[in-house]
Amino acid sequence: MAETDPRKPGDEAPPGTPGTGENLCRACGGTGKVADASCPECKGTGKVTTGIGGA
């Protein structure tokens, strides 16, 4: 089954949503790893999509 929602657990909105941007994952600090395992918040990418500009 193909994944239809490109969001990761740490994303606040789907990628490309106006008023959002790519940010470092707070859970892993952008490393993509937590305790030598893939970060569950960013799925190992080290990046999440968050709101910008206080929107």
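## A walk through a four-stranded chain

Let us begin with one small link: the side chains of T50 and N23 are joined by a polar contact of 3.5 Å. Keep in mind, as you look around, that this is a predicted model. T50 sits in strand β4. Is T50 buried or exposed? Its relative accessible area is 11%, and buried means under 20%, so T50 counts as buried. Setting aside residues up to four places away in sequence, T50 touches E12, G19, T20, G21 and N23.

Now step back to see the whole chain. How many helices and strands does the chain have? The answer is zero helices and four strands, which gives the order β-β-β-β when you read from the N terminus. The chain has 55 residues, and 24% of them are buried. Its accessible surface comes to about 3900 Å², with 53% of that belonging to carbon and sulfur atoms. You can also ask how the chain meets itself: take the contacts between residues at least 6 apart in sequence, and 54% of them join residues at least 24 apart.

One pair that links distant parts of the chain brings us to charge. Side chains of opposite charge can pair when their charged atoms come close. The count here is two salt bridges. In one of them, E22 pairs with K47, and the closest N and O atoms are 3.8 Å apart. E22 belongs to strand β1 and K47 to strand β4 (residues 47–51), so this pair connects distant parts of the chain, 25 residues apart. How open are these two partners? E22 counts as exposed because its relative accessibility is 63%, and exposed means over 50%. K47, with a relative accessible area of 40%, is partly exposed.

The other salt bridge joins K8 and D11, whose closest N and O atoms are 3.6 Å apart. Both of these residues are buried. D11 deserves a closer look. You will find D11 in the segment before β1 (20–24), and it counts as buried because its relative accessibility is 10%. Which backbone nitrogens lie by the polar atoms of its side chain? The backbone nitrogen of K8 lies 2.9 Å from a polar atom of the D11 side chain, and the backbone nitrogen of T49 lies 2.7 Å from one. Not counting residues up to four places away in sequence, D11 touches P6, V48 and T49.

V48 leads us on to the nonpolar part of the chain. In soluble globular proteins, nonpolar side chains tend to be buried together. Which residues make up the largest nonpolar core here? There are five in all: C25, C28, C39, C42 and V48. Beyond its neighbours within four places in sequence, V48 is in contact with a list of residues that includes K8, D11, E22, N23, C25 and C42. Several of these names should be familiar by now.

Our last stop is V34, in strand β2 (residues 33–34). With a relative accessible area of 34%, V34 is partly exposed. If you leave aside its neighbours within four places in sequence, V34 is in contact with A27, C28 and C39, and both C28 and C39 are members of the largest nonpolar core. Finally, try finding V34 and G44 in the structure: these residues are ten apart in sequence, and their C-alpha atoms are 8.9 Å apart in space.

Definitions and conventions:
Residues numbered from 1 in each chain as written. Predicted model: local features only at pLDDT ≥ 70, side-chain atom pairs only at ≥ 80, totals over all residues. Heavy atoms only, no water. Helix = DSSP H or I, 4+ residues; strand = E, 2+ residues; numbered from the N terminus. Buried < 20%, exposed > 50% of the residue type's maximum accessible area, 1.4 Å probe, protein only. Contact = heavy atoms within 4.5 Å. Areas by Shrake-Rupley, 256 points an atom, 1.4 Å probe, with all protein chains shown as cover. Polar contact = N/O pair within 3.5 Å; in protein donor to acceptor, adjacent residues only side chain to side chain. Salt bridge = Lys/Arg side-chain N within 4 Å of Asp/Glu carboxyl O. Core = buried A, V, L, I, M, F, W, Y, C linked by side-chain atoms within 4.5 Å.
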